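Visitor: Please show me the sequence and the model. I have some questions to put to you.

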Amino acid sequence: MFALAATLVCLSTASCFASSVFLSVDSTPYDRQMARIRPILASGENAGGSQVSMSRVNQWMEDLRDIPYGYQMEWKTPQEVQSRQPSDCKGKAVALYQRMQASGAKNVRLVIGKRAPTSRMTHAWLVWETKDGTFLLDPTFNWMACRSETVGPKSYVPLYAYAGAKKFRAASTEGMLANN
């Protein structure tokens, strides 16, 4: 029992937030609507290994943040977002994901969740794990990357994540520990 608890705690610190673990899954409720962007998610899996600077990421976020917000039913491609027509969190997150993958960034996940536990709608953002820490990248609301530990416990609640062709479901470690 102690070994299981210790393993879950270690896994949780490696995920995007200390209170969540991402479990690999075969499908998510979002798979069908994400069909348009699935090739974009998978295309960066074999990108080169150059180091992406934080200043470059912040510039990309600022550029995407400048695009007016406009909710879209379907996921926009990065090319559609670059037209500078209104775009929502989904399109901006995917555009940033593509830029990061094309520049060689590793350990980047597209996350679908709630910006706050009380949010009625879902939200999309990125989580980037680097040797310098884990960063939350939200080009819809933020002008620059935020260290995940600076984000309050009631913000950015992950539900599902995508990294390349892999799919994940977020699970609270608190609930897992309570059930064991």
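Visitor: How many disulfides does the structure hold?
Guide: This is a predicted model. A disulfide here needs two cysteine sulfur atoms within 2.5 Å. The number of disulfides in the structure is zero.

Visitor: Is C89 buried or exposed?
Guide: The cut-off for buried is under 20% relative accessible area. C89 has a relative accessible area of 7%, so C89 is buried.

Visitor: Which class does C146 fall into?
Guide: Partly exposed lies between the 20% and 50% limits. C146 has 22% relative accessibility, so the class is partly exposed.

Visitor: How many helices and strands does the protein chain have?
Guide: Along the sequence the pattern reads α-β-α-α-α-α-β-β-β-β-β-β-α. That gives six helices and seven strands.

Visitor: Why is strand β6 largely enclosed by the rest of the structure?
Guide: Strand β6 covers residues 157-163. It is largely enclosed because the buried residues among its seven number five.

Visitor: Which residue in β6 stands opposite L110?
Guide: Strand β2 spans residues 108-114. It pairs with β6 over five bridges, in the antiparallel sense. Opposite L110 stands Y162.

Visitor: What share of the contacts with a separation of 6 or more joins residues 24 or more positions apart?
Guide: A contact means heavy atoms within 4.5 Å. For the protein chain, the share at 24 or more positions is 61%.

Visitor: What percentage of the accessible surface belongs to carbon and sulfur atoms?
Guide: Of the 180 residues of the protein chain, 46% count as buried. The accessible surface comes to about 9400 Å². The carbon and sulfur part is 54%.

Technical notes
Residues are numbered from 1 along each chain as its sequence is written. This is a predicted model: local features need pLDDT of at least 70, side-chain atom pairs count only at pLDDT 80 or more; totals for chains, interfaces and linings use all residues. Side-chain values use heavy atoms; hydrogens and water are left out. Buried means under 20% relative accessible area, exposed over 50%, partly exposed in between (1.4 Å probe, protein chains only). Helices (H or I, at least four residues) and strands (E, at least two) are DSSP runs, numbered from the N terminus. Two strands pair if DSSP finds at least two bridges between them. Accessible areas come from the Shrake-Rupley method with a 1.4 Å probe; for residues, only the protein chains shown count as cover.
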